[in-house]
Amino acid sequence: MTDEFSRRPIASRSSGWAQALARQLAAASVTPNQISQGSVAFAALAGLAFWASGAVGPILGGMLLILGAVACQARLICNLIDGMVAIEGGRKAPDGPFWNEAPDRVADICIMVGLGLAAHQSAMGWAAAALAVLTAYLRELGRAEGMAADFGGPLAKPQRMAVVTAGAVIAAFAPVFGVNWVIVATLWALVIGTALTAALRAARLVRWLRHGS
């Protein structure tokens, strides 16, 4: 199975800034595994910032929501750069597949649960986290059976992080809507969109197992 067969298609991988950053990190002897581990640190920061935003006043809460949004995007940058350093930079390690996948699941849980705690809707946060893990499980199950990695949406990881980021920013800068209402709406969008993503991936996998293998 080739690397391209199982890699998420990301347009920014060919951008100048991403390639330059990957080269700099490779030259500094930063390993892909360390970058993957860094993604969990950013996700934990995002989750903690979201959680804390629900327990403070509107000004500090807004700042924490922005911090969480920025940390979510930093998590995505780590997810982009670790593969570039590993493959284009020739720094692949035997345990790379573990660090490429396992931290992502922890990161999803940190962010979704933190967002749920921000809105005092922990059950919705856990539901969004469980569905995010389910979408990844279905993708990896398909790969184990020989199917090309299914990164289809509508809410794959990049889209989920876009929804989280947008919801956090709107909640921070549009208090007229009410911070809690905005975050609850964001959680509903995540739960519904990720559930649909899981259902579509499951349907494609079953169809492939029946007719494509």
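How are α5 and α7 oriented relative to each other: roughly parallel or roughly perpendicular? Keep that in mind as you open the viewer, and remember that this is a predicted model.

**Stop 1: colour by confidence**

Start with the whole chain coloured by pLDDT. The mean pLDDT is 89, and 92% of the residues reach 70 or more. Now pick out helix α1, residues 3-6: this is where confidence in the chain is lowest, with a mean of 50. Jump to helix α6, residues 122-144, and you're at the highest, 96. Back at the start of the chain, select residues 1-5, where pLDDT stays under 50. For that stretch the model has eight contacts beyond four places in sequence.

**Stop 2: two helices side by side**

Next, select α5 (96-118) together with helix α7, residues 157-173. Their axes are 12 Å apart, and the helices pack at an angle of about 25°. Angles under 35 degrees count as roughly parallel, so that is what α5 and α7 are to each other. There's your opening question settled! The crossing of these two helices is left-handed. To see who does the touching, show the side chains: from α5 you want D104, D108, I111, M112 and L115, and from α7 you want K157, R160, M161 and V164.

**Stop 3: a pair of rings**

How many aromatic pairs does the count come to? Just one. Select F98 and W99: their ring centres are 5.0 Å apart and the planes sit at 90°, so this pair is edge-to-face. While W99 is on screen, note that this residue counts as partly exposed, because its relative accessibility is 26%.

**Stop 4: a neighbour of W99**

Now go to N33, in helix α3 (residues 32-53). Is N33 buried or exposed? N33 counts as buried, because its relative accessibility is 12%. Looking past residues up to four places away in sequence, N33 touches A93, D95, G96 and your old friend W99.

**Stop 5: a residue in a loop**

Last, select R91, which sits in the loop between α4 (58-87) and α5. Its relative accessibility is 27%, so R91 counts as partly exposed. Leaving out residues up to four places away in sequence, what does R91 touch? Show A26, S29, V30, T31, P32, V85 and A86, and you have the answer.

To finish, draw a distance from the C-alpha atom of R91 to that of A118. These two residues are 27 apart along the chain, and their C-alpha atoms are separated by 39 Å.

Methods. Residues numbered from 1 in each chain as written. Predicted model: local features only at pLDDT ≥ 70, side-chain atom pairs only at ≥ 80, totals over all residues. Heavy atoms only, no water. Helix = DSSP H or I, 4+ residues; strand = E, 2+ residues; numbered from the N terminus. Buried < 20%, exposed > 50% of the residue type's maximum accessible area, 1.4 Å probe, protein only. Contact = heavy atoms within 4.5 Å. Phe/Tyr/Trp six-rings, centres within 6.5 Å; stacked < 30°, edge-to-face > 60°. pLDDT = per-residue confidence, 0-100. Axes fitted to C-alpha atoms, helices over the stretch in contact; angles between N-to-C directions. Parallel < 35°, antiparallel > 145°, perpendicular 65-115°, else oblique. Left-handed = near helix turned anticlockwise from the far one by under 90°.
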